[in-house]
2 protein chains.
Amino acid sequence: MNTMPQYRKLYEILRRHILSGVYEEGSLLPSENELCALHGLTRPTVRQALESLVKDGLIAKRQGKGSIVRKPPQSIGILSIEGTASAIGDKYLKTVILQKPVIRKWEENFPFELSEIERESGAIYLERLRYVDGKPVFYDINHLPNINLPRFTSRSLENRSLFETLRSHYQIRINGGEQRIQAIRCPEDIAALLKIKKGDPVLYLQRKMATNREGFNIYSVIWFNSASHTIFGRF
Amino acid sequence: MNTMPQYRKLYEILRRHILSGVYEEGSLLPSENELCALHGLTRPTVRQALESLVKDGLIAKRQGKGSIVRKPPQSIGILSIEGTASAIGDKYLKTVILQKPVIRKWEENFPFELSEIERESGAIYLERLRYVDGKPVFYDINHLPNINLPRFTSRSLENRSLFETLRSHYQIRINGGEQRIQAIRCPEDIAALLKIKKGDPVLYLQRKMATNREGFNIYSVIWFNSASHTIFGRF
DNA sequence: TATTTTTACTTGTCTATACAAGTTATAACG
DNA sequence: CGTTATAACTTGTATAGACAAGTAAAAATA
């Protein structure tokens, strides 16, 4: 079956605890030695788990002090979003599927290089419009290779995010990727979706996300209205 | 003095070797055990060095195979840039200092939160215009706290990048940060610098970079013409 | 010859331990 | 009381070794 390494199990536990508010923002996580005792692990293993949390921006470590819990960034899938209005609180997030997942061939001039197995298997294609605070914020087109994803095209992605579905049903998780970012004038059809004017500046992202499955990459193209919301990132 | 940890020394060595072309793109780095023997270290230490290289995108690791050397992304400071024209080769990079480093007070409504010590020390301020392939690509405004940087305001930053100067003269290196990204219409004064039309879409970045010096953060605001070049990033 | 098995290598995960270095509260001291 | 040492924590760095799991070439087999 799916035997997760120990450090990842601990990571998942701590991540869930932080996100669900077990630890308050600014408070300290149990020390590494305490976590060792609690979970029956040694310090290098615990540190490996904490490292992933640092990478996620969920904790910040300070030598001599401890691991400080940070406010998790508001995120949709792999995008972190910040409202320009300072009133944050609980955001109202919504996803509308404009094109349900369908299987089709990869386009001829697909903007990323594809491996042979990806090209042979065909692509699962879907389009979504994402709302924050009731307003449309970005529109995305997604391609993923049609490799070993039983019943995927019939799954509902309205409530759960694409990545959450891949994570929970197929044990696929993103472990990195690359992206190109540009500012462009919004084309007419997309402007209509985002309820902005044709020609208004929008963020245009092309991203390739690598997963824990070798050769299984997810490709997304995103048009993002950054007038009302901002893309926020850590590096 | 400056006693660098072993894993960082090895990282610096390998980084220099990769960037200077000792290892060809696609070739394999010496195996972890070989690196252990070569440098008199143990595997966890070597792995710690390799981890940083993975984070930089300079190598990709494959279990059972080895560490594959990747083409380093073209970067200016901490920005990776990709030409829209496929002709890459050796780029002609140039920096023009529009405002030499000067010491001044932090602005009242500075867009980031400042620590007390940062606010008290005042800011070093500089403006630059950066050229790629002979064309102006982005304009940036930088603020860094005036803490223990002897003779900084009289240094030339034309040839060496700001980060390279901080790295080599003051042992300050960036180890992370956060940024906000927006697409905006270019204001008139900046459009003139970038040789584009007022109102053309540009990328607008606000970033805060943390360093190895506790409480020493660098703040940049960037206007980037993404029509001719693209911001490229790994995550 | 073509296929399968073995072998030797690679990175991935994990244990156990030690000391260095930074932080903070307590205890000792003037 | 205020200041300085001390002690008890914390994370950072490093050693030494073990086994698991993936890759690829060599060896054995059909």
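Which residues of helix 3 of chain A are buried? I opened my notebook with that one, bearing in mind that this is a predicted model.

**Entry 1: helix 3 of chain A**

I found A:V46, A:A49, A:L50 and A:L53 buried in this helix. They sit on the same side of helix 3 of chain A, because they cover an arc of only 95° around the axis. I reminded myself of the background: an α-helix has 3.6 residues a turn, so residues three or four places apart point the same way.

Next I asked what covers these buried residues of helix 3 of chain A. The cover includes helix 1 (6-19), helix 2 (32-39), strand 1 (59-62) and strand 2 (66-69) of chain A.

I also checked the length. Helix 3 of chain A runs over residues 43-56, and its 14 residues should span 20 Å at 1.5 Å a residue. The end C-alpha atoms are 20 Å apart, which agrees. Just after this helix I noted A:G57, with a positive phi of about 80°.

**Entry 2: helix 1 of chain A**

I gave helix 1 of chain A the same treatment. Its 14 residues should span 20 Å at 1.5 Å a residue, and its end C-alpha atoms are indeed 20 Å apart. The buried residues here are A:L10, A:Y11, A:L14 and A:I18. Their arc around the axis is only 105°, which puts them on the same side of helix 1 of chain A.

What does the face turned away from the buried side carry? I found the exposed residues A:R16 and A:L19 there. Helix 2, helix 3 and strand 2 of chain A are among the elements that cover the buried residues of helix 1. Just after helix 1 of chain A comes A:G21, with a positive phi of about 85°.

**Entry 3: domains of chain A**

I looked up the domain assignment, which gives chain A domain 1 (6-69) and domain 2 (75-232). The C-alpha centres of these two domains of chain A lie 30 Å apart.

**Entry 4: the two chains together**

How many residues of chain A are in contact with chain B? I read off 21 residues of chain A, touching 21 residues of chain B. Strand 8 (174-185), strand 9 (201-211) and strand 11 (229-234) of chain A each supply at least two residues to the side that touches chain B. Strand 8 of chain A gives the most, with 10 residues.

Then I compared the copies. Chain A can be laid on chain B with an RMSD of 0.1 Å, by a turn of 180° and a shift of 0.0 Å along the axis. The two copies are therefore related as by a two-fold rotation axis. The same surface serves both copies, since 100% of the contact residues of chain A recur in chain B.

**Entry 5: the largest nonpolar core**

This core has 38 residues, and I looked for those that touch the most other members. They are A:L203, A:W223, A:F224, B:L203, B:W223 and B:F224. I followed A:F224 further: leaving aside neighbours within four places in sequence, A:F224 is in contact with A:V137, A:F138, A:V202, A:L203, A:L205 and A:I231.

**Entry 6: two residues with positive phi**

A:R151 caught my eye with a positive phi of about 60°, although A:R151 is not a glycine. I located A:R151 in the loop between strand 7 (135-145) and helix 5 (162-170) of chain A. A:R151 counts as exposed because 7 other C-beta atoms lie within 10 Å.

B:D133, also not a glycine, has a positive phi near 55°. B:D133 lies in the loop between strand 6 (123-132) and strand 7 (135-145) of chain B. With 16 other C-beta atoms within 10 Å, B:D133 is partly exposed.

Technical notes: Residues are numbered from 1 along each chain as its sequence is written. Chains are lettered from A and ligands numbered from 1 in the order in which they are written. This is a predicted model: local features need pLDDT of at least 70, side-chain atom pairs count only at pLDDT 80 or more; totals for chains, interfaces and linings use all residues. Copies are superposed by least squares on the C-alpha atoms of residues with pLDDT of at least 70 in both. Two residues are in contact if their C-beta atoms, placed from the backbone, lie within 7 Å. Domain bounds come from an automatic or database domain assignment. Helices (H or I, at least four residues) and strands (E, at least two) are DSSP runs, numbered from the N terminus. The expected span of a helix is 1.5 Å times one less than its number of residues. A residue is buried if 20 or more other C-beta atoms lie within 10 Å of its own, exposed if 12 or fewer, and partly exposed in between; C-beta atoms are placed from the backbone. The arc is that of the directions from the helix axis to the C-beta atoms. A nonpolar core is a set of buried Ala, Val, Leu, Ile, Met, Phe, Trp, Tyr and Cys residues joined through C-beta atoms within 7 Å.
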